[in-house]
Amino acid sequence: MDARRNGWALVGRDAELESVAAALASGSCGGLVLVGAAGVGKTRLAREALRRWADAGGDHEWVVGTRSAASIPFGAVSHLLPPGPQPRGTGALVAAVAARFEALTGNGRLVVGVDDAHLLDEASAALLHQLVVRGAAALVATVRGGEPTCDAVMALWKDAGERLHVHPLPDEAIDRIVAEVLGPVDPISLRLLRRLAGGNPLLLRELLADALETGALARCEGLWCWRGAVPGGARVGELVAARLRALDPAARAALEIVACGEPLALSLVERLAGVDAIETAERSEMAVVERSGARTALRLAHPLYGEVLRAGLPVGRARAIWRGLSEALTAGPMRRRDDVLLAGVWELQSGTVWRPDVLLAAARQAVGRFDLELADRLARGARSAGGGAAADWLLAEILQFRGRGREAAQVLPAAPEADSGQAVTRALILYWGLGQVENAEKALDVTGSAESEATRSWIVLFDGRCHEALAVAQTVLLDPAASDQAVIWAAMGGGLAAGLLGRAERATAIAARGRMVADAHADRYPWGQAQVGYGLCLARYATGRLRGAAEVAEHGYRTAVAKDARPMAGFWAAFRGVVAKARGRVADAQAALREAIVLMEDGDTYQISRVHLGELAGACALAGDQAGARDCMARVDAAQAPSNRLFDAWVELNRAWVEAAGGSLSAAAGTALRAADLARDTEQPTIEAMCRYDAARLGAAATVRERLAVLAEQVEGGFVALLAAAATALSTRDAMALDRSATVFAERGYLLLAAEVSAAAGHAHRHAGRRGSARHSFERSATLAGQCQGAYTPLLDLDGVGTVLTRREREVAVLATTLPSREIAVRLGLSVRTVNNYLGRAYQKLGIASRAELQDVFEPRSS
């Protein structure tokens, strides 16, 4: 991967290009001057504008201002001068150059591109100025903002026409560039790249090159992920070093202080560096003063300035700065929200921890900011400095949050718990870290607090006791003395339990109760809204409310990404993947599930990544990627967790689809039935129904219909009844019932299930001699399947043609029995030529030559 390759796409500059084109086309303007910061893309913009001018038949020349040529009269424009001895006097020379331009263009208009016009020598600037004034040429010039210029260049700017400020690229443009250069990037890493690039494509280019060389950017699960520190040297450093060298020592010292703690209160920097040094740093445009309410802060003008400055600091100097910052901050009352976190971080980085209590408080704040790695370092620093049992408890809790339960158990104090918080921590570690269910519940018996009981609802839920989980959660929710934290936790466990039991309305009510508390105390419980949302999202999924589940997942995902909360975003990405897979959008499902695995690499609190791997295996299987599906399932089996019996059925159901992708349909149906039994054992009637219906999809419809009918009577909401009706229709080949099921599946968002039963309905109609109805059902099946990103199942190939044709060939061929190529192209988002190519290959493979014969293949006439 070469992040320095030439020819990056020019994106995000449509408006600027239109402005340049309009100015040049008007004829009344001398051109444009593009003004902007170094690296923002002025040169690329000017070259693209001239390329478009040339493509439209115009002529142009290119001039480059350089510092080395600035001392030579006419050095920059020597290639524009006529050959031989030059006329004496500026007027005669201008006339000669104008005549040469006229000869080149045949009385047309010539445009001169001038790069870095602020570096032109005075003679070159004067010549270009006169050419513009006389109308012999128009200019498209670039000028670096803030650079000193001579009078001749100033005159050139004044009379060249319009000024256009080239601003940093918007986030959308940066995203497009990164996607074209690298490919998929996880959303948290992408936000970091946006922030570091600051809209500057040159900085982005060099940053990517450095990050790839140092390994800061690495691939995982097909995604590029940022790991480790931001590169501060090499190419990126070269872009900043020249500006740093121009600073006096005092100003640079001030910038180093800001780099170690930005943004910093202006008063604090004044005490440490002095007013004069700050003023010089401001004038250099490397530091910016910002005012927010009553606070005035100082920050660096670009994020990468700080990375470069910190990378170049000697260890002793850096530690001295951090020590000074921490001492200065803690000398006051520390009233602001971030003061304790900053004081703890600076003290830790100073290399000498003398107030472990400050580091512990900072670690708790870091947990609330979703930075578990920083929280871990702060807690360890406090522990090493004599933080005592409090540091042990907090570090154990943080390690459990990071999914490192066994390590957490080793840190856990042996002394009995002093409060409910410690009881909860011990229980979580015993269950999710060590898989000790009974000991975890005994740990919660110590205090009997609402927080302990809310935690119990989680543990018994994940242990597959949904009825008990709901009962315990409801007890907490009905307790008027229950704390806000207890209500939030009980809402997550109780809401999910209710959903798995098929009590959709109860799940909604529980979530509403929890969300009200979580919203009111979002600052105090930063994970609260997400935790309540997790329960509601999965409850909606379990009860067949797919669109509602998607809404919750999308909102949660966007919120978590905006907070840079990696593990939280990982959970939501997984839910997005599960919902996409249920819809049949298998490519979207794979992308989201891979993202989830990456984002939760260091935050798998509930040991659930194996479930995500299982879902990814199922999505790969549905997409026809047998090798990928087998690999994922092997990883599932290698990552057996000691807890989470609740999700064993989910994993086994995906194993069934992996077997089906390999052609073992009988084995797959058997595995789906075993998954259903696991779901029944763990009190999940909704998931049991899904497993049994998948067994029907795999050929065991007659086997499951009776049990599905029983479940339909037990579970409210109608979704299980829909599964039962569809399974019965598959078993009896009831075409009308299959058509009705297809309609309801599609209305609920289950596109793949709808496509399957539509195909089955088509075959049932055909066997009954209803050719018109068969065509309609086959057409609807093909259209629905076309929205499923290549998903393919046995029910979509009842005629066996799929063994000969590719999925896309079969899809086109089915539609071609009733539709012309142009309409097929519109439906599938293809060109007519591509449709005909697919159709031609289908003819060749099937040994036919016309659409009439194709109709016989898919709808043979009844005898």
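## Aromatic rings: worked exercises

W432 is buried, at a relative accessible area of 1% (buried means under 20%, exposed over 50%, partly exposed in between, with a 1.4 Å probe and protein chains only). The model is predicted, so local features need pLDDT of at least 70 and side-chain atom pairs 80 or more, while totals for chains, interfaces and linings use all residues. Residues are numbered from 1 along each chain as its sequence is written, and side-chain values use heavy atoms, without hydrogens and water.

**Exercise 1.** Find how many aromatic pairs there are, then classify W432 and Y606.

*Solution.* Start with the rule: rings of Phe, Tyr and Trp (its six-membered ring) pair if their centres lie within 6.5 Å; planes under 30 degrees apart are stacked, over 60 edge-to-face, the rest tilted. This rule gives 18 aromatic pairs. For W432 and Y606, the centres are 5.0 Å apart and the planes at 65°, so the pair is edge-to-face. Next, place them: W432 lies in helix 20 (residues 420-433; helices are DSSP runs of H or I, at least four residues, numbered from the N terminus). Y606 is in the loop between helix 29 (586-599) and helix 30 (609-622), so the pair ties together parts 174 residues apart in sequence. Y606 is buried too, at 11% relative accessibility.

**Exercise 2.** Classify the pair of Y541 and W650, and locate both residues.

*Solution.* Their ring centres are 5.8 Å apart with planes at 35°, so this pair is tilted. Y541 belongs to helix 26 (residues 528-542) and W650 to helix 32 (residues 648-661), 109 residues apart. Finally, check burial: both Y541 and W650 are buried.

Definitions and conventions: Helix = DSSP H or I, 4+ residues; strand = E, 2+ residues; numbered from the N terminus.
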